[in-house]
Amino acid sequence: LQMFYLFPVPLQLPAGSRVSAECRDLLLRLLERDPEQRMIFEEFFTHPFVDLDHMPDAGSLDKATALVTEAVQKDTQGDFASALSLYCRSLEYFVPALHYESDCRRKAAIRSKVTQYISRAEELKTLVAKGNKADFEQAKTERGLLREMSRDKPRLLAALEMASAAVTQVRRPQHPGSPFSPPHLC
């Protein structure tokens, strides 16, 4: 750090540093040389890396339990996408609570349940992906039928072709940072 303050070279984390992008951003903004550009107190506590919502507290396990209970209900009802989302959200509370649990027996019990929830979330992720693929295949068949029916109506056929191209473009994986990239989900 002394070299950082003596020489006006932009601060960089050491090569090979294994920190998340959010952590890197927080560190660099905290160590900003120019006080006018440095992160202020309020910004620190709202930074994504400082996740105060999921800090372990007395209610963390209650929040996690409520979310996982709802996930199990959605799972039982066959609403796999909602169940997956709820399992992921519950893990955001379980994992920090597990880390700070001091009672060894309770920690082992929580760890066992968390492992089960992670396994189920992985299964659901596969089911949801297969369901999305099946929906896409059915829609593809329906588009083929519409094309066949509109063969003698050139304007309708052109509109169907344009819509099909738009759907294909939306479903195609994009490069990270592309303005057409889908948002990253759980």
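Reader: Is Glu-43 buried, partly exposed or exposed?

Author: Good place to start! This is a predicted model, and in it Glu-43 has a relative accessible area of 30%. Buried would require under 20% and exposed over 50%. Glu-43 therefore counts as partly exposed.

Reader: Which side chain meets that of Glu-43 in a salt bridge?

Author: Look for a nitrogen partner, since the contact runs from N to O at 3.3 Å. Glu-43 sits in helix α3 (residues 41–46) and its partner in helix α2 (residues 21–30), so the pair ties together parts that are 14 residues apart in sequence. The partner is itself partly exposed, with a relative accessible area of 29%. Its name is Arg-29.

Reader: What separates Glu-123 and Arg-120 along helix α6?

Author: The side chains of these two meet in a salt bridge, 2.8 Å from N to O. Glu-123 is partly exposed at 43% relative accessibility, and Arg-120 is partly exposed at 24%. Because they are three residues apart in helix α6, the separation is about one helical turn.

Reader: Which residues do salt bridges with shared partners join into one network?

Author: The count for the structure comes to six salt bridges. We have already met the bridge between Glu-43 and Arg-29. Shared partners build a network whose members are Asp-25, Arg-29 and Glu-43.

Reader: Is Glu-101 buried or exposed?

Author: The side chain of Glu-101 meets that of Arg-106 in a salt bridge at 3.4 Å, N to O. Arg-106 is partly exposed, with a relative accessible area of 44%. For Glu-101 the relative accessibility is 17%, and the cut-off is under 20%, so Glu-101 counts as buried.

Reader: Which helix gives the most to the largest nonpolar core?

Author: That core has 21 residues, and Leu-84, Tyr-87, Phe-94, Ile-110 and Tyr-117 have the most contacts inside it. At least two residues each come from α4 (60–77), α5 (80–100) and α6 (104–149). With ten residues, the top contributor is α5.

Reader: Which residues form the aromatic cluster?

Author: Start from Tyr-117: leaving aside neighbours within four places in sequence, Tyr-117 is in contact with Val-68, Tyr-87, Leu-91 and Phe-94. The structure holds two aromatic pairs. The one cluster consists of Tyr-87, Phe-94 and Tyr-117.

Reader: How many helices does the protein have?

Author: From the N terminus on, the elements run α-α-α-α-α-α-α. The strand count is zero. The helix count is seven.

Notes
Residues numbered from 1 in each chain as written. Predicted model: local features only at pLDDT ≥ 70, side-chain atom pairs only at ≥ 80, totals over all residues. Heavy atoms only, no water. Core = buried A, V, L, I, M, F, W, Y, C linked by side-chain atoms within 4.5 Å. Buried < 20%, exposed > 50% of the residue type's maximum accessible area, 1.4 Å probe, protein only. Helix = DSSP H or I, 4+ residues; strand = E, 2+ residues; numbered from the N terminus. Contact = heavy atoms within 4.5 Å. Phe/Tyr/Trp six-rings, centres within 6.5 Å; stacked < 30°, edge-to-face > 60°. Salt bridge = Lys/Arg side-chain N within 4 Å of Asp/Glu carboxyl O.
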